[in-house]
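The following note sets out numbered points on the model shown below. Each point takes up one topic and may be checked against the coordinates.

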Amino acid sequence: MEIRLNEKTLHYSVEAYGKTWTWAASFAPSITFEQSEEVVYFAQARTVTHKPWKTGVGKGVLSHYEGFEGPAEGLSFETIVWLEEATGYVRFEWVPLSESQAAMRAVYWPGPMECQQSGGYTLLNWQQGIRIPNDWPVATTKTPFNGMLG
């Protein structure tokens, strides 16, 4: 199993069991703010760095973002995308380091995965569980739980 980062698009892909899952091409990681309609994209940070990340339980990529302007001024954060060796789970962590001047409304990260193959599906652990085939003719839009599970 392997995790790859495209440093130009900030998209991740996961390769495992002879298949590759990638983020949707239309996705750009971003943040919205309470008192502003402005969308601030991760790529707008003046400083963006990536380096390998490894602990006793897994390995992956640590990315650091800082130097934003506008409502995100003062904001810095890190993302860690890593493979847990004991379970094979891929973990996506967003770690705030310093706050922005404006209150954040939402962080849009990680991105949705593209699932082009027929016969695949997505499982949501909501209510009794929902299984959505990848070739379902109706797009799944905003969920009633607003993306928050737990």
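How many residues lie between β4 and β5 in the hairpin that they form? The two strands are separated by two residues; strands here are DSSP runs (E, at least two residues) and helices are H or I runs of at least four, both numbered from the N terminus.

1. Basis of the note. This is a predicted model, in which local features need pLDDT of at least 70 and side-chain atom pairs count only at pLDDT 80 or more, while totals for chains, interfaces and linings use all residues. Residues are numbered from 1 along each chain as its sequence is written, and side-chain values use heavy atoms, with hydrogens and water left out.

2. Overall composition. The protein chain contains zero helices and 13 strands. Of its 150 residues, 31% count as buried (under 20% relative accessible area, with exposed meaning over 50% and partly exposed in between; 1.4 Å probe, protein chains only). The exposed area of the chain is about 10000 Å², of which carbon and sulfur atoms supply 50%; accessible areas come from the Shrake-Rupley method with a 1.4 Å probe, and for residues only the protein chains shown count as cover. Among contacts (heavy atoms within 4.5 Å) between residues at least 6 apart in sequence, 41% join residues at least 24 apart.

3. The three-stranded sheet. An open sheet is formed by three strands in the order β5-β4-β10, with antiparallel pairing; two strands pair if DSSP finds at least two bridges between them. β5 (36-41) and β10 (104-108) are the edge strands, each with a single partner, so one side of each is left without a neighbour in the sheet. On average, neighbouring strands of this sheet are turned by 20° against each other, direction ignored (axes are lines fitted to C-alpha atoms, for helices over the stretch in contact, and angles run from 0 to 180 degrees between N-to-C directions).

4. The register of β4. Four bridges connect β4 with β5 in the antiparallel sense, and four connect β4 with β10, also antiparallel. Ser30 has Tyr41 of β5 as its bridge partner. Towards β10, Ile31 stands opposite Val107, and Thr32 is bridged to Ala106. Ser30 and Thr32 point one way from β4, Ile31 and Phe33 point the other way, and all four are buried.

5. The nonpolar core. The largest nonpolar core (buried Ala, Val, Leu, Ile, Met, Phe, Trp, Tyr and Cys residues joined through side-chain atoms within 4.5 Å) has 19 residues, among which Phe42, Tyr65, Phe68 and Phe77 touch the most other members. At least two residues of this core come from each of β4 (30-33), β7 (58-66) and β8 (76-84). The largest contribution, three residues, is that of β8. Leaving aside residues up to four places away in sequence, Tyr65 touches ten residues including Leu10, Phe42, Phe77 and Thr79.

6. Thr79. This residue belongs to strand β8 and counts as buried because its relative accessibility is 0%. Beyond four places in sequence, the contacts of Thr79 include Tyr12, Phe42, Tyr65, Glu93 and Trp109. Glu93 is 14 residues away from Thr79 in sequence, yet their C-alpha atoms are 5.5 Å apart.

7. Aromatic pairs. There are 12 aromatic pairs, counted when ring centres of Phe, Tyr and Trp (its six-membered ring) lie within 6.5 Å; planes under 30 degrees apart count as stacked, over 60 as edge-to-face and the rest as tilted. Trp23 and Phe27 are edge-to-face, because their ring centres are 5.3 Å apart and their planes stand at 90°. Trp23 and Trp109 are likewise edge-to-face, with centres 6.4 Å apart and planes at 80°. Trp23 lies in β3 (residues 19-23) and Trp109 in the loop between β10 and β11 (113-114), so this pair ties together parts that are 86 residues apart in sequence. Ring pairs link Tyr12, Trp23, Phe27, Phe92 and Trp109 into a cluster.

8. Backbone points to inspect. Most residues other than glycine have a negative phi, and most peptide bonds are trans. Leu10, in the loop between β1 (2-6) and β2 (11-16), has a positive phi of about 65°. At 4% relative accessibility, Leu10 counts as buried. The peptide bond between Trp109 and Pro110 is cis, with omega about 0°, and Pro110 lies in the loop between β10 and β11.
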